[in-house]
Amino acid sequence: MDVDKLRYPVGPMPRTKTPLDRATREQHLAAIEQLPSRIKSLVAGLSDAQLDTPYRPGGWTIRQVVHHLPDSHLNSYVRMKLAVTEDTPAVKTYEESLWADLPEAKSGAIQMSLDLLAALHRRWMAFLRALPERDFNRAFVHPEWGRVPLDEAVMMYAWHCRHHAAHIENALSAARA
């Protein structure tokens, strides 16, 4: 398998400034909502050696991916809440590769991140599903992505869920081969 397919198993992150229709938004929200149970089932019963398997040569381990998900999604949750409560706020980036190299991400028990991911996604979905339709047009400004309306952020994070679940699936398939 080529490196790009290993790095982006579900394709590149989509970008659009076009508002989503309700059915499409709901599909993306469902992907976000289902991620905690999907990740939990993928990693259930894995040994430390399996958790420390990279999803591609030079890539993060399954363990690092599991710890990355709540790190990333916490940032997204806060960015979305800022967008709804402020007038097009500027948000910060974070050095995700450096976060993934911190000791708890490289060797910590994954249960803490699975628990955090599950709680975060329940709260995130309660927030997003209660928003009036007009609020999905509100936006934040990201230093790398520019202006990001909530509809676009929802789409991007649904992709992020599929992207990292596929990383874990690919690592497990490669380990079995």
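**Exercise 1. Find which side chains meet in a salt bridge between Glu-26 and its partner, and say how exposed the two residues are.**

Solution. Let's go step by step through this predicted model.
- Step 1: the partner of Glu-26 is Arg-129, and their side chains meet in a salt bridge at 2.5 Å, N to O.
- Step 2: Glu-26 belongs to helix H2 and Arg-129 to helix H7, so this pair ties together parts that lie 103 residues apart in sequence.
- Step 3: a residue between the cut-offs of 20% and 50% relative accessible area is called partly exposed. Glu-26 has 35%, so it is partly exposed. Arg-129 also has a relative accessible area of 35%, so Arg-129 is partly exposed.

**Exercise 2. Check whether the length of helix H2 agrees with its number of residues.**

Solution.
- Step 1: H2 covers residues 22–43, which is 22 residues.
- Step 2: the expected span is 1.5 Å times one less than the number of residues. For H2 this gives 32 Å.
- Step 3: the end C-alpha atoms of H2 are 32 Å apart, so the two values agree.

**Exercise 3. Walk along H2 and describe its start, its kink and what follows it.**

Solution.
- Step 1: at the start of H2, Asp-21 places a side-chain oxygen within 3.1 Å of the backbone nitrogen of Ala-23.
- Step 2: further along, H2 has a kink of about 45° at Leu-35, shortly before the proline Pro-36.
- Step 3: after H2 comes Gly-45, which has a positive phi, near 80°.

**Exercise 4. Work out which way H2 faces the rest of the protein, using its buried residues.**

Solution.
- Step 1: list some buried residues of H2; among them are His-28, Leu-29, Ile-32, Leu-35, Pro-36, Ile-39 and Val-43.
- Step 2: look for their neighbours. The buried residues of H2 pack against helices H3 (48–51), H4 (62–85), H7 (111–130) and H8 (150–176).
- Step 3: pick one residue to inspect. Leaving out residues up to four places away in sequence, Ile-39 touches Val-66, Leu-69, Leu-114, Leu-117, Ala-165 and Ile-168.

**Exercise 5. Describe the largest nonpolar core and the elements that build it.**

Solution.
- Step 1: recall a general tendency: in soluble globular proteins, nonpolar side chains tend to be buried together.
- Step 2: here the largest nonpolar core has 44 residues, and those with the most contacts inside it are Ile-39, Val-43, Ile-62, Trp-124, Leu-128 and Ile-168.
- Step 3: H2, H4, H7 and H8 are the elements that give two or more residues to this core. H8 gives the most, with 11 residues.

**Exercise 6. Find two salt bridges that involve helix H8 and compare the exposure of their residues.**

Solution.
- Step 1: the structure holds 9 salt bridges. In one of them, the side chains of Arg-15 and Glu-152 meet at 2.4 Å, N to O.
- Step 2: Arg-15 sits in the loop between helix H1 (3–7) and H2, while Glu-152 is in H8, 137 residues apart.
- Step 3: Arg-15 has 36% relative accessibility and so counts as partly exposed. Glu-152 has 1%, so Glu-152 counts as buried.
- Step 4: the side chains of Glu-169 and Arg-38 also meet in a salt bridge, at 2.9 Å, N to O. Glu-169 lies in H8 and Arg-38 in H2, 131 residues apart.
- Step 5: Glu-169, at 30% relative accessibility, counts as partly exposed, and Arg-38, at 32%, counts as partly exposed too.
- Step 6: to finish, Arg-22, Arg-25, Glu-133 and Asp-151 are joined into one network by salt bridges that share partners.

Key:
Residues are numbered from 1 along each chain as its sequence is written. This is a predicted model: local features need pLDDT of at least 70, side-chain atom pairs count only at pLDDT 80 or more; totals for chains, interfaces and linings use all residues. Side-chain values use heavy atoms; hydrogens and water are left out. Helices (H or I, at least four residues) and strands (E, at least two) are DSSP runs, numbered from the N terminus. The bend at a residue is the angle between axes fitted to the seven residues ending there and the seven starting there. Buried means under 20% relative accessible area, exposed over 50%, partly exposed in between (1.4 Å probe, protein chains only). Contact means heavy atoms within 4.5 Å. A polar contact is a pair of N or O atoms within 3.5 Å; within protein, one must be able to donate a hydrogen and the other to accept it, and residues adjacent in sequence count only if both atoms are side-chain atoms. A nonpolar core is a set of buried Ala, Val, Leu, Ile, Met, Phe, Trp, Tyr and Cys residues joined through side-chain atoms within 4.5 Å. A salt bridge is a side-chain nitrogen of Lys or Arg within 4 Å of a carboxyl oxygen of Asp or Glu.
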